[in-house]
Amino acid sequence: MVLYSTPYSSTCLHFLDGLSWSLVFPCYWLLDRLLASCVPTSLEKRQRSQDPCSFLTLCVLISVPLYLLLFLASLPFALLGFIIWAPLQAVRQPYLYTYRRPDKSEQCQAGPGGAGTGEWRPQGRSFCFCSANVCLLPDSLARFNNLSNTHRRALEVGKRIRNGASRPQIKIYIDSPTNTSISAASFSSLATGFRRTSSLDQRPDQTHTTNGPAETEVEPVTECPVHPPGVADCPAHPSSGVQGSGECPIHHDDAPADCPLHATNNSSDCPVHTSGEAADCPMHSPGGQSVPAQHDCHMREEEKQHRVSADCPLHTSGVQISISAPEPDPQEEDAAETGNHQEAGGDTGSMTASRESLARYHACDGGIGISSNNTLSHVPRTSIFKRPGRKRRHGDETFDHEVSAFFPANLDFMALQEVFDHGSTSRLRRQLHRYFPYVLSDVGRYGWRGCCSRFKFLNSGLLLASRYPILDARFECYPNGRGEDALAAKGALFAKVHVGTSHQEQRVVGYITCTHLHAIEGDAAVRCEQLDLLLQWGAEFRHSSCQSPEGEKVLEDLVAFDVILGDLNFDNCSSEDKLEQQHALFTQYKDPCRLGPGEDKPWALGTLLDPSGLYDEDASSPESLQKVMENEDGRKEYLVFPPSKNQCPGGSQKGRKIPLKGNGRRIDYILYSDEGLQPDWKLDIEEFSFVTQLAGLTDHLSVAARLAVSTGEEEP
């Protein structure tokens, strides 16, 4: 199993490729700029209409003749370079595998063997997958999707993915059947429950984690844990300047002086309730006398005779909090590249941040139509109680689903489509390598090669980033592309990843397939044929990758998961896509958003955005697009829906009054199969997300899912 770490096998071929591209590139760049000048985006049209004599209009009038003249002058050199470049593509490798060695902190966090390839836990693990179509075409072609500045967008896409995935993971679990929200009062007794976890940790047991000190420093409580913000006469803490003298009923005898819960005077009144109220208040004994401090916290003793109110603001109600945050990258980019790292009132030294504060962060980096949302603000941990999360379950659903403004924390695998532009690929790869050690990029072949009978001007556009070592990879090109789709080497990228080692020294592996199907509407037969090839190639890859070298006896690999990620270019509600909806793919793989052929689950959203609204204020930032996607009217305004007989093909959907079916065209998929796993192993989905963090950078929503692999064993 050999992974190709260089495009060519010899230095001479490398030199010839570089020489040929240096001759071709000037002509390619000038042609791209010439066409881009003639295809403005809606944002540029708006700017020109507001100021017809603007500098932008003047630049276009001057640059177009100049680009044309230089393009004609560079054609002879480009022709010479093309003659050298085209034959080289016959011996070019089908992908480029790159690896960034993790630093010491990442090695300590991941365990021996790399990122997360330590000993396989008997109870299993969970893995997070994400797929996104980023539309990184050459700038002139991207403008037909109302997008521009491809290189700048590539850099910003990488930043947002990296920072979204590396943000702290905050999990809140509540045992109480009556108290389903988190209040600030819980923080005083939960401070010792914080622990740093990895993305592979399972849901913690429903008991408080108080074994030893927390690994991360706990900031002091900055808000009163009894009353909501804004109340001036709270009885639980003294007014400014008053010195307390009583014993704290929560802490021990050595209670800190700044505890907001202990009495502040010699009065026997309860510091929480008013005089004469709540005889069974756990803060005082019957009669209103305060309870002296005990060695064990009075609030945590389940055997106390006093009845505890279900809604007491001082009782923990079985709440547990788990916070995980990847170690910071010591080799962070300079401020000019990464943007601002501070927010007013934020603490950049803290590795935790509330979902609310993260969603509020928004700044502009000066690019046209591109807003920077790549840097996270950090605030004290107490703010995580300000608002409940947006995750929800629908009916009898067994997993959480949400519309999120951020990529899932501790993302393990990222599959991207339409990463066509060569310069953009390099910029994006550098950004992703700051979080993902292993990347497969530059996938596919150019020119004439094998089954790809037509000349390929673009590669497949596929990219796969992983936190786990990649053991084997293969690319296959679809041979039946038509029209403009035939100009790109669309196909399927198969990868085998190493996710752990069992007690018997068996490798635990997973299979990932990244693909992008034919895009032209009405070519259902072409897509069905490609799906047939996808299943066939996948079975062949799994069979060949598990074969041991001749003469060697090795233990059989244990398969943890088999996942397909990508843009399939058909949805589950359009009448024109009935053939694809009934394909055998959906009998072998499960779609978390699907009820059956032609019917999605009520909460499932379309992932294809209406290009005409990409620069609207309501959809140009992750936070605003998240709000739009959570609103039915907003979805009708900014998502592409199945074509209607009453609608002109290709027309804008904004402002139309015709009935719409479903929640938009969902053409980006995450499919998983539990076939081929060990007999007692089980693969279940834990959560599914529609991600808006790439708002303004692409015309697709990203999709993410977390899968849990259970082995049926118990922790020893």
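Which residues form one aromatic cluster? In this predicted model, Phe82, Trp85, Tyr446, Phe455 and Phe457 do so.

**View 1. The aromatic cluster of Phe82, Trp85, Tyr446, Phe455 and Phe457.** The view shows the five named side chains, which belong to one cluster. Across the structure, 28 aromatic pairs are found.

**View 2. A tilted aromatic pair, Trp21 and Tyr28.** The ring centres of Trp21 and Tyr28 are 5.7 Å apart, and their planes meet at 50°. That angle counts as tilted because stacked pairs lie under 30 degrees and edge-to-face pairs over 60. Trp21 is partly exposed, with 31% relative accessible area. Tyr28 is likewise partly exposed, its relative accessible area being 29%.

**View 3. A stacked aromatic pair, Phe413 and Tyr468.** Here the centre-to-centre separation is 5.6 Å and the angle between the planes is 25°. The pair joins distant parts of the chain, with the two positions 55 residues apart in numbering. Phe413 belongs to strand S8 (residues 413-419), while Tyr468 lies in the loop between strand S12 (463-466) and strand S13 (470-477). Phe413 is buried, at 0% relative accessibility. Tyr468 is also buried, with a relative accessible area of 2%. Both values count as buried because the cut-off is under 20% relative accessible area.

**View 4. A charge over a ring, Arg594 and Phe586.** The ring of Phe586 has the charged end of Arg594 sitting over it. The distance from that charged end to the ring centre is 4.1 Å.

Key:
Residues numbered from 1 in each chain as written. Predicted model: local features only at pLDDT ≥ 70, side-chain atom pairs only at ≥ 80, totals over all residues. Heavy atoms only, no water. Phe/Tyr/Trp six-rings, centres within 6.5 Å; stacked < 30°, edge-to-face > 60°. Buried < 20%, exposed > 50% of the residue type's maximum accessible area, 1.4 Å probe, protein only. Helix = DSSP H or I, 4+ residues; strand = E, 2+ residues; numbered from the N terminus. Lys NZ or Arg CZ within 6 Å of the ring centre and 35° of its normal.
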